[in-house]
Amino acid sequence: MSITTIKYSFVFPDNSQINHVFEIDKIKRKIVNLSDTPEDLKQYTELDFCKCSNCPLNKTQTPECPIAKNLFLVERKFKNKISHDKCFIVCDTPQRAYTAKTDVQVGLQSIFGLLMASSGCPHLEFLSPMAMFHLPFSNEEETIVRILGFYFLEKYINGEIDSINLDQLSKRYQEINTVNRGIIERIRKVERKDAGQNAIVILDTFSMLLSSEMSTDLESIRYIFDSSVNTLLKKE
């Protein structure tokens, strides 16, 4: 399945809720299945309205700003909310659920970051792979590490930087594999059930998968940074 679904739920002290579901095409790395822009918002989403000075898009092919279209569909749900209104936020992703007791603005910051990276704006295309691994409520350090990590990984996969020798990392994970086996044996001596053992086995599986990936030059994740996707987006 090429579609990944992310759902945000804002629960307020009076038990009222604001919910929104986002669907992202993992191949195109783009938000899909969005509603049409309501008539009262169209004047604000038109490409030429407050158009960015560096915008390369043409209103004939792209009549609406892709970012504005997506943001306003969400923002209008919060038009009666103040940025510092307290709420409990749940972000459900296919892998896990994230929760936070925080302000409305923090939740919207996470949503807007997701939408801007996956809306199809040419200037933000390089951030679109991050939308597939969305991390809500991230702080400054997490954001910096993720952006730099994705940036250099993309450069390496696309052959834009000198080859990186992964042999040392592979050797480190061979050592980790040995440690995992040792820890499993320790747990077996003291644990009657298998939960703890299986937890280490899962971690060991991840380490073996990474070792396998390095031996194939990261083949299974190359589609995330496939430059042909960018070409496809420009044609839409």
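**Exercise 1.** Leaving aside neighbours within four places in sequence, which residues is Lys 69 in contact with?

*Solution.* The model is predicted: local features need pLDDT of at least 70, side-chain atom pairs count only at pLDDT 80 or more, and totals for chains, interfaces and linings use all residues. Numbering runs from 1 along each chain as its sequence is written, and side-chain values use heavy atoms, with hydrogens and water left out.

- Apply the contact criterion: heavy atoms within 4.5 Å.
- Leave out neighbours within four places in sequence; Ser 35, Asp 36, Thr 37, Thr 45 and Glu 64 are in contact with Lys 69.

**Exercise 2.** Is Lys 69 buried or exposed? Place Lys 69 in its helix, then assess that helix.

*Solution.*
- Take the cut-offs: buried is under 20% relative accessible area, exposed is over 50%, and partly exposed is in between (1.4 Å probe, protein chains only).
- Lys 69 has 19% relative accessibility, so Lys 69 counts as buried.
- Lys 69 is found in helix H2. Helices (H or I, at least four residues) and strands (E, at least two) are DSSP runs, numbered from the N terminus.
- In H2 (residues 66-75), 8 of the 10 residues are buried, so the helix is largely enclosed by the rest of the structure.
- The cover over those buried residues includes strands E2 (17-25) and E3 (30-32), and helices H1 (39-45) and H3 (104-118).

**Exercise 3.** Describe the phi, location and exposure of Asn 15 and Phe 137.

*Solution.*
- Most residues other than glycine have a negative phi.
- Asn 15, not a glycine, has a positive phi of about 75°. Asn 15 lies in the loop between strand E1 (3-11) and E2. Its relative accessible area is 64%, so Asn 15 is exposed.
- Phe 137, not a glycine, has a positive phi of about 60°. Phe 137 sits in the loop between helix H4 (128-131) and helix H5 (140-157). At 22% relative accessible area, Phe 137 is partly exposed.
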